[in-house]
Amino acid sequence: MTDNVKEVKQVLNIIDDKLDNYLRFCERNIKDKILDRCHIETVPERLNSLIQEFLIEQYSLNKEGIGEGKKVVSSASDNGQTVGFQTIGGASSMSKNVDTFLDRNMATLVKYRKVEW
């Protein structure tokens, strides 16, 4: 059985264990969503690369601080000098990140999907 967190840490050259709990949380989250979307009981070994890709993406979104995310301008007005921000990433948007990631990779997941009656 592949240790996805260990593999991702090697790719990202992370030598300490400070992020292990966060990465394992992300891994459980995406595995649960894969199981739900595909209507299967266990995640096939071949999907580990997809899980690792998601962990790397989550790490990249949160590398400046877990739970912080990145703020990007979502709206602006000129005269009133109003600027609106949207948080991208962060622990609070984990579910949205997983859903968006799986939507983008549905062509891969559909190969493992079972019909639910």
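Helices (H or I, at least four residues) and strands (E, at least two) are DSSP runs, numbered from the N terminus. The structure is a predicted model, in which local features need pLDDT of at least 70 and side-chain atom pairs count only at pLDDT 80 or more, whereas totals for chains, interfaces and linings use all residues. Residues are numbered from 1 along each chain as its sequence is written, and side-chain values use heavy atoms, with hydrogens and water left out.

**View 1. Order of the elements and confidence in the protein.** The protein contains 5 helices and 2 strands, which run α-α-α-β-β-α-α from the N terminus on. Of its 117 residues, 36% count as buried (buried means under 20% relative accessible area, exposed over 50%, partly exposed in between; 1.4 Å probe, protein chains only). Contact means heavy atoms within 4.5 Å; among contacts between residues at least 6 apart in sequence, 59% join residues at least 24 apart. The mean pLDDT (the predictor's confidence in each residue, from 0 to 100) is 84, and 78% of the residues reach 70 or more. Among the elements, strand β1 (residues 70–76) has the lowest mean pLDDT, 59, and α1 the highest, 96. Where pLDDT is low, the predicted coordinates should not be read in detail.

**View 2. The two faces of helix α1 (residues 4–12).** The buried residues of α1 are N4, V5, V8 and K9. Seen down the axis of α1, these buried residues fall within an arc of 130 degrees, so they line one face of the helix; the arc is that of the directions from the helix axis to the C-beta atoms. An α-helix has 3.6 residues a turn, so residues three or four places apart point the same way. The buried residues of α1 pack against α2 (20–38) and α3 (48–62), while the face turned away from the buried side carries the exposed residues Q10 and V11. At the start of α1, a side-chain oxygen of D3 comes to within 3.3 Å of the backbone nitrogen of V5. This pair is a polar contact, that is, a pair of N or O atoms within 3.5 Å; within protein, one must be able to donate a hydrogen and the other to accept it, and residues adjacent in sequence count only if both atoms are side-chain atoms.

**View 3. E27 of helix α2 and its surroundings.** E27 is located in helix α2 and counts as buried because its relative accessibility is 8%. Residues up to four places away in sequence being left out, E27 touches N4, V5, I51 and L55. Two of these partners, N4 and V5, are among the buried residues of α1.

**View 4. The largest nonpolar core.** A nonpolar core is a set of buried Ala, Val, Leu, Ile, Met, Phe, Trp, Tyr and Cys residues joined through side-chain atoms within 4.5 Å. Of the 23 residues in the largest one, I30, I34, F54, L55, L102 and L109 touch the most other members. Two or more residues are given to this core by each of α1, α2, α3 and α4 (94–104), and α2 supplies the largest share, 7 residues. I30 touches I51, F54, V98, F101 and L102, when residues up to four places away in sequence are not counted. In soluble globular proteins, nonpolar side chains tend to be buried together.

**View 5. Positive phi in the loops at N13 and H39.** N13, in the loop between α1 and α2, has a phi near 60 degrees, a positive value in a residue other than glycine. N13 counts as exposed because its relative accessibility is 62%. H39 is found in the loop between α2 and α3, and its phi, near 55 degrees, is likewise positive in a residue other than glycine. With 29% relative accessibility, H39 counts as partly exposed.

**View 6. R113 after helix α5 (106–109).** R113 lies in the segment that follows α5 and is partly exposed, with a relative accessible area of 44%. Its side chain reaches the backbone oxygen of R37 at 2.9 Å. Neighbours within four places in sequence aside, R113 is in contact with R37, C38, H39 and M106. R113 and L35 are 78 residues apart along the chain, and their C-alpha atoms are separated by 8.9 Å.

**View 7. The cysteines C26 and C38.** C26 counts as buried at 0% relative accessibility, and C38 counts as buried at 0%. The structure holds 0 disulfides (pairs of cysteine sulfur atoms within 2.5 Å).
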